[in-house]
Amino acid sequence: MTNEGWADIRENLRTRVGKDNYITWIEPLKLSALDDGVASFAVPTTFFGDWVSRNFADQILHQLHRSGAAVERVEFVLERNAPALPKAAARKRAPEEKEVPGAPLDGRFTFDSFVVGKPNELAHAAARRVAEGGPVTFNPLFLYGGVGLGKTHLMHAVAHELQLRQPDLRVLYLSAEQFMYRFVQALRERQVMDFKELFRSVDVLMVDDVQFIAGKESTQEEFFHTFNALVDQNKQIIISADRAPGEIKGLEERIKSRLQCGLVVDLHPTDYELRLGILQQKAEFYHTQYRDLVIAPGVLEFLAHRISTNVRVLEGALTRLFAFASLVGREITLELTQDCLADILRASDRKVTIEEIQRKVAEHFNIRLSDMIGPKRVRTIARPRQIAMYLSKQLTSRSLPDIGRRFGGRDHTTIMHGVRKIEELMTADSQLSDDLQMLKRLLQG
Ligand SMILES: Nc1ncnc2c1ncn2[C@@H]1O[C@H](COP(=O)(O)OP(=O)(O)OP(=O)(O)O)[C@@H](O)[C@H]1O
């Protein structure tokens, strides 16, 4: 195989790893040798080689296999050490194949790089089961959870794994938005039959962020038929959304009920241990990149504690921290972390809302949420209401009139009275002060 042959194969990787990854990591690779089943690629730096090896080696190998090359292993060698490829090497043509035109998969989103903890263990186990590619046991697998909790990561991991285990499987991953876009395009170009045929011919269909089609009638209709056709053929479907099927407003009832037919699992917000695990994994990786950087004890723990919004923010913070520390050539201390990430840390300070406070307090005292804003004056209701007023003053930056408005339009003097009452009682009543401590802990995460 020549570098020209490699260039053809490389093109197939473009759709799999995404444009950005392709330009950064795949395009610069030069095939330098193909001997004894080992394909050697010349890379500009050791870090570059490490990264490509960790993230894309499997896919490169897979594509080489598909092209018919007799390769068992790929390796990445520094450019200056790399042997030159003989110019006259034979070239094998890639067999004609009908590709399933899905969205690109991110090569970094694999099961290996997914850290499992209590909040995501069920979703991970379900995704793993599907990735094994055995008989379809639950259809669809419906994954849901808040922003940046790993839904897309898990879906891509399933797709990678399936493609590795069963290269001939037609796996189609795309977002609901892309599904709609393609459908509209097919309508416009009068190619709806082709569209239907394509979507009904896949073995595994993955649709990310399905909430997007809520309220879009004809797209929903088409999605419904595609869904049914695939389920009828016993083809696996994986769907993700930001909330449970029943809670997606604007989604037709018949779709909601179909989506609930299989296994519905949620990714819970991360807990401290999971965040720390993710940070440790990423830091370990960065160490291979910035070998001289020292990270002081306690820094990762500090970040895991302070940044509880989502994993994407956590990752961004660590990337910035390592890049910054390597630029200034200093140890990553707590102080440097606080300086470098001041904006992220500020934005991540947990913001508690009055509604959340009312809900938690109502739950804690076993009263109705509506009583928080209602007129009842009996003590069993009035006292929790005052506690909620007190916590609203303490934990949010809202003014008294503003808090009053959220407590059923009460006057700011009523709120002030409530706050003072609790301050007074709290010094003498240890039960009350325990309740307050616990509620604060619950609310502040
Ligand atoms: N458990 C985990 N282990 C390692 N990385 C994770 C984990 N969970 C999330 N991430 C990382 O966090 C980032 C965001 O994850 P992902 O894109 O999968 O989120 P999402 O749930 O699809 O969010 P959105 O709803 O915004 O699309 C990714 O870089 C992903 O690799």
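A residue counts as buried if 20 or more other C-beta atoms lie within 10 Å of its own, as exposed if 12 or fewer do, and as partly exposed in between, with C-beta atoms placed from the backbone. The model here is predicted, so local features need pLDDT of at least 70 and side-chain atom pairs count only at pLDDT 80 or more, while totals for chains, interfaces and linings use all residues. Residues are numbered from 1 along each chain as its sequence is written.

Now to the ligand. Of the 18 residues around the ligand (C-beta atom, placed from the backbone, within 6 Å of it), Gly 150, Lys 151, Thr 152, His 153 and Val 311 come nearest. Two or more shell residues come from each of helix H5 (151–165) and helix H12 (311–328); helices here are DSSP runs of H or I with at least four residues, strands are runs of E with at least two, and both are numbered from the N terminus. Because domain 2 (118–267) and domain 3 (272–348) both supply shell residues, the ligand sits between them; the domain bounds come from an automatic or database assignment.

What about individual residues? Gly 150 falls in the loop between strand S4 (141–145) and H5. Gly 150 is buried, as 27 other C-beta atoms lie within 10 Å. Beyond neighbours within four places in sequence, Gly 150 is in contact (C-beta atoms, placed from the backbone, within 7 Å) with Phe 114, Asn 120, Leu 267 and Val 311. Thr 152, in helix H5, is partly exposed, because it has 19 C-beta neighbours inside 10 Å. Leaving out residues up to four places away in sequence, Thr 152 touches Phe 109 and Asp 208.

Notes: Contact = placed C-beta atoms within 7 Å.
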